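Work through these exercises with the structure open beside you. Try each task before you read its solution.

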Amino acid sequence: MQGDLYVALDRIDEARSAYQSAIRTGQATPLTQFKLDDVAAPAVAPTAAN
């Protein structure tokens, strides 16, 4: 839940850390890895179609 709050505040580095900590300590839900993958992926800017 802490990671979700950080995402809502646009504090992505802290969200990533919170998700990793939850996984490491066994407090993660089944969706935690998906959430971590989501914030770990670099943002890709859309390209203009020519």
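The exercises below go from the overall fold to single residues. Keep in mind that the model is predicted.

**Exercise 1. The overall fold**

Task: How many helices and strands are there in the protein, and how do the elements run from the N terminus on?

Solution.
Step 1. Count the elements. The protein has three helices and zero strands.
Step 2. Read them from the N terminus on. They run α-α-α.
Step 3. Look at burial. Of the 50 residues in the protein, 18% are buried.
Step 4. Look at the surface. About 4,100 Å² is accessible, and carbon and sulfur atoms account for 57% of that.

**Exercise 2. The nonpolar core**

Task: Find which residues make up the largest nonpolar core, and say which helix gives the most to it.

Solution.
Step 1. List the members. There are six residues: Tyr6, Ala15, Ala18, Tyr19, Leu36 and Val39.
Step 2. Assign them to elements. Helix 2 (12-25) and helix 3 (32-40) each supply at least two residues of this core.
Step 3. Pick the main contributor. Helix 2 gives the most, with three residues.
Step 4. Set this beside a general trend. In soluble globular proteins, nonpolar side chains tend to be buried together.

**Exercise 3. Two core residues**

Task: What do Ala15 and Tyr19 touch, leaving aside residues up to four places away in sequence?

Solution.
Step 1. Place Ala15. This residue lies in helix 2.
Step 2. Check its burial. The relative accessible area of Ala15 is 0%, and buried means under 20%, so Ala15 is buried.
Step 3. List the contacts of Ala15. They are Gly3, Tyr6 and Val7.
Step 4. Compare sequence with space. Ala15 and Lys35 are 20 residues apart in sequence, while their C-alpha atoms are 9.2 Å apart.
Step 5. Turn to Tyr19. It touches Gly3, Asp4, Val7, Thr32, Lys35, Leu36 and Val39.

**Exercise 4. The two sides of helix 3**

Task: Which residues of helix 3 are buried, and why are they on the same side of the helix?

Solution.
Step 1. Pick out the buried residues. In helix 3 they are Thr32, Leu36 and Val39.
Step 2. Look down the axis. These residues cover an arc of only 70 degrees around it, so they sit on the same side of helix 3.
Step 3. Turn to the other side. There, Phe34 and Asp38 are exposed.
Step 4. Find the cover. Helix 1 (2-8) and helix 2 are among what covers the buried residues of helix 3.

**Exercise 5. The largest pocket**

Task: Which residues lie nearest the centre of the largest pocket, and how much space lies in it?

Solution.
Step 1. Read off the volume. The largest pocket holds about 220 Å³ of space.
Step 2. Look at the lining. It has 14 residues, and those nearest the centre are Met1, Gln2, Gly3, Ala18 and Ala22.
Step 3. Name the elements. Helix 1, helix 2 and helix 3 are those that give two or more residues to the lining.
Step 4. Find the main contributor. Helix 2 gives the most, with five residues.

**Exercise 6. Buried, partly exposed or exposed?**

Task: Classify Ser21, Asp37 and Asp10 as buried, partly exposed or exposed.

Solution.
Step 1. Recall the cut-offs. Buried is under 20% relative accessible area, exposed is over 50%, and partly exposed is in between.
Step 2. Take Ser21, in helix 2. Its relative accessible area is 29%, so Ser21 is partly exposed.
Step 3. Take Asp37, in helix 3. Its value is 42%, so Asp37 is also partly exposed.
Step 4. Take Asp10, in the loop between helix 1 and helix 2. At 61%, Asp10 counts as exposed.

**Exercise 7. A backbone angle**

Task: What is the phi of Asp10, and is it positive or negative?

Solution.
Step 1. Recall the general rule. Most residues other than glycine have a negative phi.
Step 2. Check Asp10. Its phi is positive, at about 60 degrees, although Asp10 is not a glycine.

Key. Residues are numbered from 1 along each chain as its sequence is written. This is a predicted model: local features need pLDDT of at least 70, side-chain atom pairs count only at pLDDT 80 or more; totals for chains, interfaces and linings use all residues. Side-chain values use heavy atoms; hydrogens and water are left out. Helices (H or I, at least four residues) and strands (E, at least two) are DSSP runs, numbered from the N terminus. Buried means under 20% relative accessible area, exposed over 50%, partly exposed in between (1.4 Å probe, protein chains only). Accessible areas come from the Shrake-Rupley method with a 1.4 Å probe; for residues, only the protein chains shown count as cover. A nonpolar core is a set of buried Ala, Val, Leu, Ile, Met, Phe, Trp, Tyr and Cys residues joined through side-chain atoms within 4.5 Å. Contact means heavy atoms within 4.5 Å. The arc is that of the directions from the helix axis to the C-beta atoms. On a 1 Å grid over the protein atoms alone, a cavity is a set of points where a 1.4 Å probe fits but cannot get out, and a pocket is an open set with protein on both sides within 12 Å along at least five of seven lines; lining residues have an atom within 4 Å of a point. Grid points are joined across faces, edges and corners, and a volume is the space filled by probe spheres set on the points.
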